[in-house]
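Trainee: I am new to this structure and would love a close look at one part of it. Could you walk me through the empty spaces, step by step?

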Amino acid sequence: MNIKSLIQTTKALLAFDKGILAMDESTSTCNKRFAALSIPQTEEVRRSYRELIITTPRLGDCISGVILFDETIRQQTRDGVSFVKAITSAGIIPGIKVDTGVKDLAGYPGEKITEGLDGLRERLIEYHQLGARFAKWRAVFTIGDNMPSRSCMESNANDLARYAALCQEADLVAIVEPEVLMEGAHTLEQCSAVTEDVLHCVFDALYAQRVLLEGMILKPNMVLPGTDCPTQSGINEVADATITCLLQVVPAAVSGIAFLSGGQSPELATAHLNAMNVRYMDRLPWELTFSFARAIQQPALRAWAGLEANTEGAQQALYHRARNNQAARRGEYRSSSESA
Ligand code: 13P
């Protein structure tokens with residue numbers, strides 16, 4: 001493990017006002033999003049779409065890193081340039097999703113466990129050789145009756161920590177992503193309590209597995225009321241609840257927090273990040289940034305719709321979201337920019 005290079009890469013991923021673009025949808029998730037827009041679900045169409053993303057002009061101005069999927073990290077542009085080379089030439093750091101997805105947690109109906117530890121050490125060596133400099137692993141938690149269970153939290157936390165330790169051994173920065181899902185009728189307060197519990201378990205496990213906190217980035221959910229909760233919260237309320245929760249459990253040695261968007265609308269995800277930076281930036285020990293997938297990609301995917309002729313418009317839509325999130329990172333986002 002090269003501590004110096006791990007910390008250097010972590011700092012580069014958290015550089016000034018940049019953020020991380022997640023484009024690591026598994027083949028089945030990518031196909032589902034394509035199917036919803038009647039886009040053909042073939043390897044070549046997925047490749048074209050990912051090429052569109054990484055060749056977006058000036059993307060490197062606002063994006064520090066992109067998270068790829070196993071299929072994508074091995075692909076090339078139409079001109080025969082490897083995606084990894086195209087990404088690094090744009091001044092962006094390539095990363096890779098290394099979990100292999102979620103499965104039902106035996107004995108706990110309705111709960112999930114993330115898989116992918118078998119053979120991970122060898123896969124990480126290969127990904128590093130392919131050019132990845134950071135990795136991601138996502139665990140998910142549902143709020144419901146007696147959920148998440150202690151068993152679900154501890155099993156997933158343990159696996160996240162083992163993954164992170166293996167990443168650092170392979171000189172890859174670990175993005176640790178415990179996601180408390182938005183689906184449900186739970187309140188903001190319930191989401192806060194569960195998120196705090198989950199993060200507590202995760203940091204206990206990271207400590208036990210001797211993970212270098214300066215060489216990892218936490219990728220949590222924001223604290224939000226469930227999508228079916230009758231009482232929805234205002235932007236500042238979400239910002240306050242999220243920061244209050246994170247301050248309880250995230251050690252100051254962690255370099256940065258990069259939020260997932262979790263199904264929020266692109267504008268709302270940006271507004272929430274902005275409010276957190278406006279209200280708290282000067283008082284926080286960590287950088288606060290974004291690692292959105294849907295909240296950056298969705299408008300671009302819709303604009304593209306699988307048609308070559310729409311490429312430029314889709315790239316403009318992608319850049320627009322990346323730019324607005326960059327502004328939110330500085331606490332300078334204005335919702336009026338959405339209609340510009
Ligand atoms: P969303 O921003 O769409 O939630 O995705 C983030 C991510 O990386 C999911 O693992």
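Trainee: To begin, which residues line the largest cavity?

Mentor: Happy to help! Keep in mind that this is a predicted model. The lining of the largest cavity is made up of Glu 25, Cys 30, Arg 33, Phe 34, Tyr 49, Arg 294, Gln 297, Gln 298 and Leu 301. The space inside comes to about 70 Å³. Two helices each supply at least two residues of that lining: helix 2, covering 27–36, and helix 12, covering 294–304. Of these, helix 12 gives the most, with four residues. Sorted by class, the lining has four nonpolar, two polar and three charged residues.

How does one find such a space at all? Rolling a probe the size of a water molecule over the atoms shows where empty space is left. Searching the whole structure in this way turns up two cavities of 30 Å³ or more. The second largest holds about 30 Å³ of space. Its lining consists of Glu 179, Val 180, Met 182, Asn 221, Met 222, Leu 224, Leu 260, Ser 261, Gly 262 and Gln 264. Here the classes divide into five nonpolar, four polar and one charged.

Now back to helix 2, and on to the pockets. Helix 2 also provides the largest share of the lining of the largest pocket, namely four residues. That pocket has a volume of about 600 Å³. In total 26 residues line the largest pocket, and those nearest its centre are Thr 29, Arg 33, Lys 97, Arg 138 and Arg 294. You have met two of these names before: Arg 33 and Arg 294 also belong to the lining of the largest cavity. Besides helix 2, at least two residues each come from strand 6 (134–141), strand 7 (173–180) and strand 10 (287–292). Charged residues number 13 in this lining, alongside seven polar and six nonpolar ones.

Those strands lead us to the barrel. Eight strands form a closed barrel in the order 1-2-3-6-7-8-9-10, with parallel pairing. From one strand to the next, the twist averages 30 degrees. For one pair in detail, take strand 3, residues 93–97, which pairs with strand 6 in the parallel sense over three bridges. Within this region, Ile 96 stands opposite Ala 135 of strand 6. On another part of the barrel, helix 11 (residues 266–280) lies across strand 9 (256–259) and strand 10. The angle between helix 11 and strand 10 is about 170 degrees.

One more space is worth a visit. The second largest pocket has a volume of about 160 Å³. Around it you will find Arg 47, Ser 48, Glu 51, Leu 52, Thr 55, Arg 78, Trp 304, Glu 308, Thr 311 and Gln 315. Helix 3 (43–54) and helix 13 (311–330) are the elements that give two or more residues to this lining. Helix 3 contributes the most, with four residues. By class, the lining of this pocket splits into two nonpolar, four polar and four charged residues.

To return to your question, try picking out Arg 33 and Arg 294 in the view: both line the largest cavity, and both are among the residues nearest the centre of the largest pocket.

Terms used. Residues are numbered from 1 along each chain as its sequence is written. This is a predicted model: local features need pLDDT of at least 70, side-chain atom pairs count only at pLDDT 80 or more; totals for chains, interfaces and linings use all residues. Side-chain values use heavy atoms; hydrogens and water are left out. On a 1 Å grid over the protein atoms alone, a cavity is a set of points where a 1.4 Å probe fits but cannot get out, and a pocket is an open set with protein on both sides within 12 Å along at least five of seven lines; lining residues have an atom within 4 Å of a point. Grid points are joined across faces, edges and corners, and a volume is the space filled by probe spheres set on the points. Ala, Val, Leu, Ile, Met, Phe, Trp, Tyr, Cys and Pro count as nonpolar, Asp, Glu, Lys and Arg as charged, and the others, Gly among them, as polar. Two strands pair if DSSP finds at least two bridges between them. Axes are lines fitted to C-alpha atoms, for helices over the stretch in contact, and angles run from 0 to 180 degrees between N-to-C directions. Contact means heavy atoms within 4.5 Å.
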